[in-house]
Amino acid sequence: MSVTAPLGFRAAGVSAGIGEEGVRDVAVLVNDGPSRAAGAVFGTDSDRSAPALWSRQVLSGGRVRAVVLNSGRANVDTVPLGFQDVHALAEHTAVAFDDSAAEIVLCAVGPVGDRPPLDRLTGGVTAAVAELSRTGGLTAADAVRTTDTVVKIVFRRGVGYTVGAMAKGPDPSLSTGLYVVTTDAELAADRCRDLIATAAAKTLPPLTGPADIALLMASGAAGVAPDEEAFAALLAEVCADLAAQIDADPATTEHENRT
């Protein structure tokens with residue numbers, strides 16, 4: 001179930017025609033709450049990424065209603081037109097949830113230098129929103145793959161709460177690491193940011209690509225305030241599992257041989 005294993009989350013992945021024909025390339029993950037706390041760390045070169053520039057502004061507010069992710073084109077080195085596109089995409093997504101664009105995080109992975117076609121992106125979001133479900137974590141994880149040969153998903157049970165996650169590994173066109181983690185535990189936004197930053201530093205490859213992100217979202221739907229030390233250990237275990245899956249993928253070895 002991946003990112004939809006914790007209570008309060010729904011997801012879907014669809015084919016919007018951004019990448020190869022018939023391949024899933026747009027995913028939507030929504031947090032139904034009651035909390036929308038979130039925190040993230042970004043790649044060191046994120047000023048080159050239009051989605052990262054937008055999402056950094058969103059995460060500064062500590063609340064995330066939904067995440068839109070696309071593969072096929074990374075929307076890197078496309079500012080300022082790329083930023084206009086992501087603003088329009090966030091507004092479109094917000095309308096679908098009757099919510100604020102200021103709580104829509106955007107992620108894009110794939111080759112750099114080109115803007116994804118906005119009409120296909122918005123069409124993909126509309127289609128994905130129509131398919132959102134508690135079992136949609138697998139299709140969402142499939143939609144963020146670029147050269148990954150298999151999806152990267154994991155979940156773990158804590159004491160009264162769950163942590164779920166999905167990821168994609170690096171590819172030859174862009175060293176993009178994408179890590180999305182969800183939990184139904186009760187966490188404040190600043191704790192989400194600190195916890196994911198610590199876990200990423202301990203377990204994940206360095207976030208050096210412009211589109212890199214490690215994101216933690218907390219719905220609070222389990223109604224449990226976790227022991228912080230235990231939660232941090234479980235989060236690190238989840239992230240380490242994702243890193244191991246990426247390392248075991250033949251696509252990662254191919255990328256490393258080219259770089």
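## Helix H2 and its surroundings

The buried residues of helix H2 are Gly82, Asp85, Val86, Leu89, Ala90, Thr93 and Ala94, where buried means under 20% relative accessible area, exposed means over 50% and partly exposed lies in between, as found with a 1.4 Å probe on protein chains only. This is a predicted model, in which local features need pLDDT of at least 70 and side-chain atom pairs count only at pLDDT 80 or more, while totals for chains, interfaces and linings use all residues. Residues are numbered from 1 along each chain as its sequence is written, and side-chain values use heavy atoms, with hydrogens and water left out. Helices (H or I, at least four residues) and strands (E, at least two) are DSSP runs that are numbered from the N terminus.

The buried residues of H2 pack against H1, S4, S5 and H3, and contact here means heavy atoms within 4.5 Å. The length of H2 can be checked against an expected span, which is 1.5 Å times one less than the number of residues. For the 16 residues of H2 this gives 22 Å, and the end C-alpha atoms are 23 Å apart, which agrees.

Two helices that pack against H2 can be described by their axes, which are lines fitted to C-alpha atoms, for helices over the stretch in contact, with angles that run from 0 to 180 degrees between N-to-C directions. The axes of H2 (residues 81–96) and H3 (residues 118–131) come within 10 Å and cross at roughly 25°. H2 and H3 are therefore roughly parallel to each other, since angles under 35 degrees count as roughly parallel, over 145 as roughly antiparallel, 65 to 115 as roughly perpendicular and the rest as oblique. Their crossing is right-handed, a term used if the near helix is turned clockwise from the far one by less than a right angle, whereas an anticlockwise turn is left-handed. On the H2 side the residues that meet H3 are Asp85, Ala88, Leu89, His92, Thr93 and Ala96, and their partners in H3 are Leu118, Leu121, Thr122, Val125, Thr126 and Val129.

Helix H1 (residues 50–60) packs on H2 at an angle of about 55°, with the two axes 8 Å apart, and H1 and H2 are therefore oblique to each other. The contact joins Ala50, Pro51, Leu53, Trp54 and Gln57 of H1 to Gly82, Phe83, Val86, His87 and Ala90 of H2. An α-helix has 3.6 residues a turn, so residues three or four places apart point the same way.

Some backbone features deserve attention, because most residues other than glycine have a negative phi, and most peptide bonds are trans. The table lists the exceptions described for this model.

| Feature | Value | Place |
|---|---|---|
| Gly33 to Pro34, cis peptide bond | omega about 25° | Pro34 in the loop between S2 (26–31) and S3 (37–42) |
| Val79 to Pro80, cis peptide bond | omega near 10° | Pro80 in the loop between S4 (66–70) and H2 |
| Asn75, positive phi | phi near 55° | loop between S4 and H2 |
| Asp98, positive phi | phi near 50° | loop between H2 and S5 (104–108) |

Is each residue with a positive phi buried or exposed? Asn75 counts as buried at 3% relative accessibility, whereas Asp98 counts as exposed at 74%.

Helix H6 (residues 228–248) has 21 residues, which should span 30 Å, and its end C-alpha atoms are 30 Å apart, which agrees. Asp227 caps the N-terminal end of H6, with a side-chain oxygen 3.3 Å from the backbone nitrogen of Glu229. The buried residues of H6 include Leu242 and Ile246, and these two are also among the residues in contact with Lys152, when neighbours of Lys152 within four places in sequence are left aside.

Lys152 is found in strand S6 (residues 152–157) and counts as buried at 0% relative accessibility. Its side chain makes a polar contact with the side chain of Asp148 at 2.9 Å, and another with the side chain of Asp249 at 2.6 Å. A polar contact is a pair of N or O atoms within 3.5 Å; within protein, one must be able to donate a hydrogen and the other to accept it, and residues adjacent in sequence count only if both atoms are side-chain atoms.
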